[in-house]
Amino acid sequence: MKRLLWIDISKGLAILFVAYFHFFSTYFQHGVLPPPDWSNVTASALTLLRLAWFKISGLGFHAVGVFIILSGWTLMQSTARRAEKGEIAWDAWYWARFVRLYPMYWVAHLVYLVSPFVARLEPMDDRIILSLLGLRFIDIEMNFMYLNAAWWYFAMLIQFYLIFPLLFWTARRVGPWWFLFIG
């Protein structure tokens, strides 16, 4: 499979920026910056750099969107290459993705449930079924944050995968520029 190195590097940088953003957010819930010092040129430059770093660091959540868009681009590209060779077997396409994703997701649930180092803020109840299925968007107010709020990403992937054939068909039908405009 032909890969674009710049996309892989960009996705990797986006992942690192998201991880850094989570660290940054957690630190500044409890830590503070030193007060601004405008007493001389060096101190003023350091104060400006510190403020710029603080503002740029606060934009880390945008890296999630970058990662999602680049992943969608990669998925569209690989599916288009497959479509050039012949008809796409969507059942096999879905099977390959779900077999790759669900076992890791279930292991994450298992680790969460047996780990002694997890704060269990909610009781285990029948919502675990929807969580294990990745259907956290059903009754979203009750299920979205259930057990581990970070699992929202898996539910989003499931939704994107469910509509991907429609998106793929539309992109091929109207062309990339119109698809981008519609999107």
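Ser57 touches Tyr20, Phe21 and Phe24, leaving aside residues up to four places away in sequence. Ser57 sits in helix α2, which covers residues 41–57. The model is a predicted one. Is Ser57 buried or exposed? Its relative accessibility is 2%, so Ser57 counts as buried; the cut-off for buried is under 20%.

Next comes helix α4 and its aromatic residues. Across the whole structure, a search finds 26 aromatic pairs. One of them joins Phe98 and Tyr102. Their ring centres lie 5.7 Å apart and their planes meet at 65°, so the pair is edge-to-face. Edge-to-face requires planes over 60 degrees apart. The two residues are four apart in helix α4, so about one helical turn separates Phe98 and Tyr102. Tyr102 has 13% relative accessibility and therefore counts as buried.

A second pair involves Tyr105 and Trp151. Here the ring centres are 5.8 Å apart and the planes stand at 70°, so this pair is edge-to-face too. It links distant parts of the chain. Tyr105 belongs to helix α4, while Trp151 lies in the loop between α6 (140–143) and α7, and 46 residues separate them. Both Tyr105 and Trp151 are buried.

Now follow the chain into helix α7. It runs over residues 152–174, a total of 23 residues. What span should it have? At 1.5 Å a residue, 33 Å is expected. The expected span uses one less than the number of residues. The end C-alpha atoms are 31 Å apart, which agrees. The helix is bent, though: α7 turns by about 45° at Ile163. A proline, Pro165, follows within four residues of that bend.

Which residues of α7 are buried? They are Phe154, Ala155, Met156, Leu157, Ile158, Tyr161, Phe164, Pro165, Phe168, Thr170 and Ala171. Pro165, the proline that follows the bend, is thus on the buried list. The cover over these buried residues includes α3 (62–85), α4 (90–114) and α8 (176–182). Helix α4 is also the home of Tyr105. Just after α7, Gly175 takes a positive phi of about 90°.

One loop residue remains. Asp125 is found in the loop between α4 and α5 (127–133). How accessible is Asp125? Its relative accessible area is 27%, so Asp125 is partly exposed. Asp125 and Tyr146 are 21 residues apart along the chain, and their C-alpha atoms are separated by 10.0 Å.

Conventions: Residues numbered from 1 in each chain as written. Predicted model: local features only at pLDDT ≥ 70, side-chain atom pairs only at ≥ 80, totals over all residues. Heavy atoms only, no water. Bend = angle between axes of the 7 residues up to and from the residue. Buried < 20%, exposed > 50% of the residue type's maximum accessible area, 1.4 Å probe, protein only. Contact = heavy atoms within 4.5 Å. Phe/Tyr/Trp six-rings, centres within 6.5 Å; stacked < 30°, edge-to-face > 60°.
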